[in-house]
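Here are a few exercises for getting to know a structure from the inside out. Try each task with the model open, then walk through the solution.

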Amino acid sequence: MASNGFHRSDNLIKLAERIRLYNPTNQPSLSTSNSFNINTQNESPTIQECTVNEVVPKKQEYGTDQIGNNSSRSKPNRAAVLVCLFEDQQGHLRVILTKRASTLSTHSGEVALPGGKVEEGDANDTETALREAEEEIGLDRSLVDVVTVLESFTTKKGIIVIPVVGILWDRNTFNPLINTAEVAAIFDAPLEMFLKDENRREQELEYMGDQYVLHFFDHEAENEKYIIWALTAGILIKAASIVYQRPPDFQERRPRFWNRSRQ
């Protein structure tokens, strides 16, 4: 929702229109078009497969999976996260991220996308992601224009995480209100950094015979250093690849289990 006198960027409008056509190959109910483009790290955390926000359940209705009955959404293994994009003053795309509170029982102090578990009243994955973002960082859902839903990611523990991509047309309309019980800090990062082989480290791991790589992106914002890694990094690599319509400058070698529950 634009503020008074705010002019939406032509590039961002075109990008939103094209991403709305995104068609995950495993989600046949989206539009048949899959074309879009845009003209436009400190010590490593302990490896225990970081989830985005230790989240959980549901079948999505926004543009992909049209199964939305209560029985399918009651499974305690589904979550949704918000990949919220906006343009900075130079016209570069940035994504909103959080640092989890140190008091949380799981993945405390780690970087995450806003999001969390599906709750009984949520109609779909989009509503889950928007509700969680509003609860965690005070992002009014009316400010976010959801443009697509990406393929699911599944953690080792079997939690299905659905990335919901949204556009924040005017960053100045968002006045963060942090829920300190869940979030220690909010910051943003350039989306394109997740395609570049800069400020990136990697660690090769093995799970059930599958050799894969976890990526660690070092980022500094307002004199604070952050590490964006594991599933959060994987989701942002995917989102950036779709937006910029190109693969990363490095070999991704993602874990196979991320794909195991795609439907």
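**Exercise 1. Find which residue stands opposite cysteine 84 in β7, and work out how β7 is paired.**

Step 1. Cysteine 84 stands opposite glycine 166 in β7.

Step 2. A quick word on what you're looking at: this is a predicted model, where local features need pLDDT of at least 70, side-chain atom pairs count only at pLDDT 80 or more, and totals for chains, interfaces and linings use all residues. Residues are numbered from 1 along each chain as its sequence is written, and side-chain values use heavy atoms, with hydrogens and water left out.

Step 3. Now the strands. Helices (H or I, at least four residues) and strands (E, at least two) are DSSP runs, numbered from the N terminus. The protein chain has four helices and 11 strands.

Step 4. Two strands pair if DSSP finds at least two bridges between them. β1 and β7 do so in the parallel sense, over eight bridges.

Step 5. Look at glycine 166 again: it is also the bridge partner of valine 146. That contact belongs to the antiparallel pairing of β5 (residues 144-149) with β7 (residues 160-168), which has five bridges. Next door, aspartate 145 stands opposite isoleucine 167 in β7.

Step 6. β6 (residues 153-154) runs antiparallel to β7 and is joined to it by two bridges. In one pairing, phenylalanine 153 has valine 161 of β7 as its bridge partner. β6 and β7 form a hairpin with five residues between them, and glycine 158 in the turn has a positive phi of about 85°.

**Exercise 2. Decide whether β7 is enclosed or open.**

Step 1. Get the terms straight: buried means under 20% relative accessible area, exposed over 50%, and partly exposed in between (1.4 Å probe, protein chains only).

Step 2. Check both sides of the strand. Ile160, Ile162, Val164, Gly166 and Leu168 point one way from β7, while Val161, Pro163, Val165 and Ile167 point the other way, and all are buried.

Step 3. Draw the conclusion: nine of the nine residues of β7 are buried, so the strand is largely enclosed by the rest of the structure. β5 has five of its six residues buried, so it is largely enclosed too.

Step 4. For the whole chain, buried residues make up 53% of the 263 residues.

**Exercise 3. Track down the largest nonpolar core and see what feeds it.**

Step 1. A nonpolar core is a set of buried Ala, Val, Leu, Ile, Met, Phe, Trp, Tyr and Cys residues joined through side-chain atoms within 4.5 Å.

Step 2. The largest one has 52 residues, and Val83, Leu97, Phe194 and Leu236 have the most contacts inside it.

Step 3. Which element gives the most to this core? That's α4, with 11 residues.

Step 4. Zoom in on leucine 236. Contact means heavy atoms within 4.5 Å. Leaving aside neighbours within four places in sequence, leucine 236 is in contact with Val83, Val95, Leu97, Leu113, Leu191, Phe194 and Ile228.

Step 5. Don't stop there: a second, separate core of 20 residues includes Leu139, Leu143, Val144 and Val149.

**Exercise 4. Explain what the ring pair of tyrosine 207 and phenylalanine 257 ties together.**

Step 1. Rings of Phe, Tyr and Trp (its six-membered ring) pair if their centres lie within 6.5 Å; planes under 30 degrees apart count as stacked, over 60 as edge-to-face and the rest as tilted. The whole structure holds seven aromatic pairs.

Step 2. In this pair the centres are 5.2 Å apart and the planes stand at 80°, so it is edge-to-face.

Step 3. Tyrosine 207 lies in β9 (residues 200-207) and phenylalanine 257 in the segment after α4 (230-244), so the pair ties together parts that are 50 residues apart in sequence.

Step 4. Compare the cover: tyrosine 207 is partly exposed at 24% relative accessibility, whereas phenylalanine 257 is buried at 5%.

Step 5. Proline 255 lies in that segment after α4 as well, and it is buried with a relative accessible area of 1%. Its C-alpha atom is separated from that of tyrosine 207 by 8.2 Å, although the two are 48 residues apart along the chain.
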